[in-house]
Amino acid sequence: MIYGNIHAKETETAYTSVIRKALEILRTTDVTNMHHGKYPLEGDRLILQINEVTTGPKNTKRPEVHRDYIDVQYMVHGHELIGFYPDCGDGAVLEDNLDSNDVLFYQEREDNHEIMLPMTDGCYAVFFPEDVHRPCCMMNGPEEVKKIVLKIRVDSL
């Protein structure tokens with residue numbers, strides 16, 4: 001997992017060229033007139049997804065993983081918390097939709113030591129297949145947010 005802010009002066013040389021390219025797309029894409037939906041950039045290898053959602057209580061959001069895609073979640077406008085913990089392969093599966101849309105949901109558990117990442121304007125988080133994440137948890141109360149989720153095929157790395 002990688003966590004940062006698009007405006008920070010980070011040393012991105014440690015990132016793969018694909019992750020650096022994703023961050024450049026986030027910096028340069030004007031999403032003002034783009035609305036909820038998927039926008040393929042390179043076929044199924046790189047997909048820009050606009051999410052306009054309302055955050056909610058953590059207990060209403062499901063922990064999830066993806067196997068074929070890396071998620072680069074970027075907060076355009078708003079506030080949310082994203083839960084994160086490593087997938088150690090011992091979670092009980094709640095719903096498996098990996099074949100249909102590359103998402104597997106885990107059952108809630110108390111012993112996972114989940115970290116809640118604050119996402120505000122300009123923040124991004126990169127989740128790899130071994131990273132369980134729980135997006136759209138409210139910070140101080142429900143809020144309308146606009147996010148970009150870049151979906152990068154794992155075999156692109």
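**Close-up 1. Leu-46 and its surroundings in strand S3.** With a relative accessibility of 7%, Leu-46 counts as buried in this predicted model. Its strand, S3, covers residues 46–54. Setting aside neighbours within four places in sequence, Leu-46 is in contact with Lys-21, Ile-25, Pro-40, Leu-41, Leu-150, Lys-151 and Ile-152. Have a look at Arg-153 too: 107 residues separate Leu-46 and Arg-153 along the chain, yet their C-alpha atoms are 6.5 Å apart.

**Close-up 2. Arg-153 again, this time with Tyr-69.** Here Arg-153 lies over the face of Tyr-69, and the distance to the ring centre is 5.6 Å.

**Close-up 3. Tyr-74 in strand S5.** Strand S5 runs through residues 69–77, and Tyr-74 is part of that stretch. Tyr-74 comes out at 10% relative accessibility, so we call Tyr-74 buried. If we skip residues up to four places away in sequence, Tyr-74 touches Ile-6, Leu-26, Gly-122, Cys-123, Tyr-124, Lys-146, Lys-147 and Ile-148. Gln-107 is another story: Tyr-74 and Gln-107 are 33 residues apart in sequence, and 25 Å lies between their C-alpha atoms.

**Close-up 4. Phe-84 meets Phe-127.** Searching the whole structure turns up 1 aromatic pair, and here it is: Phe-84 and Phe-127, in a tilted arrangement with 6.4 Å centre to centre and 35° between the planes. The two rings link distant parts of the chain, with Phe-84 in strand S6 (residues 80–86) and Phe-127 in strand S10 (residues 123–127), 43 residues apart. Are these two residues buried or exposed? Both Phe-84 and Phe-127 are buried.

**Close-up 5. Glu-64, a buried charge with no salt bridge.** Glu-64 belongs to strand S4, residues 64–65. Which side chain of opposite charge is nearest to Glu-64? That would be Lys-151, 5.8 Å away. Not counting residues up to four places away in sequence, the residues that Glu-64 touches include Asp-71, Val-103, Leu-104, Phe-105, Asp-131 and His-133.

**Close-up 6. Arg-62 with Phe-105 and Glu-95.** The charged end of Arg-62 sits over the ring of Phe-105, 3.6 Å from the ring's centre. Arg-62 also forms a salt bridge with Glu-95, where the closest N and O atoms are 2.6 Å apart. Glu-95 is in strand S7 (residues 93–97) while Arg-62 is in the loop between S3 and S4, so this pair ties together parts 33 residues apart in sequence. Both ends count as partly exposed: Glu-95 has 30% relative accessibility, and Arg-62 has 34%.

**Close-up 7. Asp-87 and Arg-67, a bridge between two loops.** A salt bridge joins Asp-87 to Arg-67, with 2.8 Å between the closest N and O atoms. Asp-87 sits in the loop between S6 and S7, and Arg-67 in the loop between S4 and S5, so parts 20 residues apart in sequence are tied together. Asp-87 is buried, at 18% relative accessible area, whereas Arg-67 counts as partly exposed at 32% relative accessibility.

**Close-up 8. Asp-111, Arg-109 and a salt-bridge network.** How many salt bridges does a search of the whole structure find? The count is 14. One of them brings together the side chains of Asp-111 and Arg-109, at 2.8 Å from N to O. Asp-111 has 48% relative accessibility and counts as partly exposed; Arg-109, at 22%, counts as partly exposed as well. Elsewhere, salt bridges with shared partners join Lys-58, Glu-108, Glu-114 and Arg-134 into one network.

Methods:
Residues numbered from 1 in each chain as written. Predicted model: local features only at pLDDT ≥ 70, side-chain atom pairs only at ≥ 80, totals over all residues. Heavy atoms only, no water. Phe/Tyr/Trp six-rings, centres within 6.5 Å; stacked < 30°, edge-to-face > 60°. Helix = DSSP H or I, 4+ residues; strand = E, 2+ residues; numbered from the N terminus. Buried < 20%, exposed > 50% of the residue type's maximum accessible area, 1.4 Å probe, protein only. Lys NZ or Arg CZ within 6 Å of the ring centre and 35° of its normal. Lys, Arg positive; Asp, Glu negative; His and termini not counted. Salt bridge = Lys/Arg side-chain N within 4 Å of Asp/Glu carboxyl O. Contact = heavy atoms within 4.5 Å.
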